[in-house]
Amino acid sequence: MRKGIIDILKGKFLVSGDAPKNWLFIIFASVLATIMIASSHSADKKVHQVAALNEQVKELKNEFVDMRSDLQRLKLESTITTNVMVEGLFPSEVPPRKIKVKTNKK
């Protein structure tokens with residue numbers, strides 16, 4: 001058993017009679033390891049992209065809420081009244097009346 005371990009450490013399995021079979025396995029294992037590492041890096045990159053997009057979505061949602069509250073404040077009658085007073089327009093003193101149109105049926 002000791003001789004087998006020493007042969008492996010010296011690398012005799014790479015130069016012995018069935019060395020091409022061993023070399024093919026080593027190349028195959030290396031290619032699989034390279035593919036696995038590349039796949040892992042790709043997955044990590046996608047995770048970082050998703051996290052960045054989630055942060056962007058949160059920022060846009062907050063901006064939307066701020067804009068909506070500003071719009072609601074601007075649509076208030078008091079805000080509109082103060083903005084049009086600068087132009088010389090004032091609210092009517094007389095309340096509006098409903099106009100009824102009579103039609104003749106023939």
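Start by selecting Arg73 and Asp70: their side chains meet in a salt bridge, 3.9 Å from N to O. This is a predicted model. The structure holds one salt bridge, and you are looking at it.

**Stop 1: around the salt bridge**

Keep both residues selected and show the backbone. Arg73 and Asp70 both lie in helix α2. They sit three residues apart, about one turn of the helix.

Now add the surface. Are these two side chains buried, exposed or something in between? Arg73 has 46% relative accessibility, so it counts as partly exposed. Asp70 has 34%, so it counts as partly exposed too. The partly exposed class lies between the buried cut-off, under 20%, and the exposed cut-off, over 50%.

**Stop 2: helix α2**

Select residues 19–74. This is helix α2. Color by pLDDT. Helix α2 has the highest confidence in the protein, at a mean of 95.

**Stop 3: helix α1 and the glycine after it**

Move to residues 2–10, helix α1. Where is confidence lowest in the protein? It is lowest here in α1, at a mean of 79.

Show the surface again. How many of the nine residues of α1 are buried? The count is zero, and the helix is hardly covered.

Step forward to Gly11, just after α1. Check its backbone angles. Gly11 takes a positive phi of about 85°.

**Stop 4: the whole chain**

Clear the selection and zoom out. Show the cartoon. You should find three helices and zero strands. Read along the sequence, the pattern is α-α-α.

Keep the pLDDT colors on for a moment. The mean for the protein is 90. Of its residues, 99% reach 70 or more.

Next, look at the overall dimensions. The C-alpha atoms fill a box of roughly 115 × 50 × 25 Å along the principal axes. The radius of gyration is 40 Å, whereas a compact globule of 106 residues would have one near 13 Å.

**Stop 5: surface and charges**

Turn the surface on for the full protein. It exposes about 10700 Å². Carbon and sulfur atoms supply 64% of that area. What share of the 106 residues is buried? Buried residues make up 5%.

Finish by coloring the charges. The protein has 18 positive and 11 negative ones. How far apart are their mean positions? The two mean positions are 12 Å apart. Among these charges are those of Arg73 and Asp70, the salt-bridge pair where the tour began.

Methods:
Residues are numbered from 1 along each chain as its sequence is written. This is a predicted model: local features need pLDDT of at least 70, side-chain atom pairs count only at pLDDT 80 or more; totals for chains, interfaces and linings use all residues. Side-chain values use heavy atoms; hydrogens and water are left out. Buried means under 20% relative accessible area, exposed over 50%, partly exposed in between (1.4 Å probe, protein chains only). Helices (H or I, at least four residues) and strands (E, at least two) are DSSP runs, numbered from the N terminus. pLDDT is the predictor's confidence in each residue, from 0 to 100. The radius of gyration is taken over C-alpha atoms; the globule rule is 2.2 Å times the number of residues to the power 0.38. Accessible areas come from the Shrake-Rupley method with a 1.4 Å probe; for residues, only the protein chains shown count as cover. The place of a charge is taken as NZ of Lys, CZ of Arg, CG of Asp or CD of Glu. A salt bridge is a side-chain nitrogen of Lys or Arg within 4 Å of a carboxyl oxygen of Asp or Glu.
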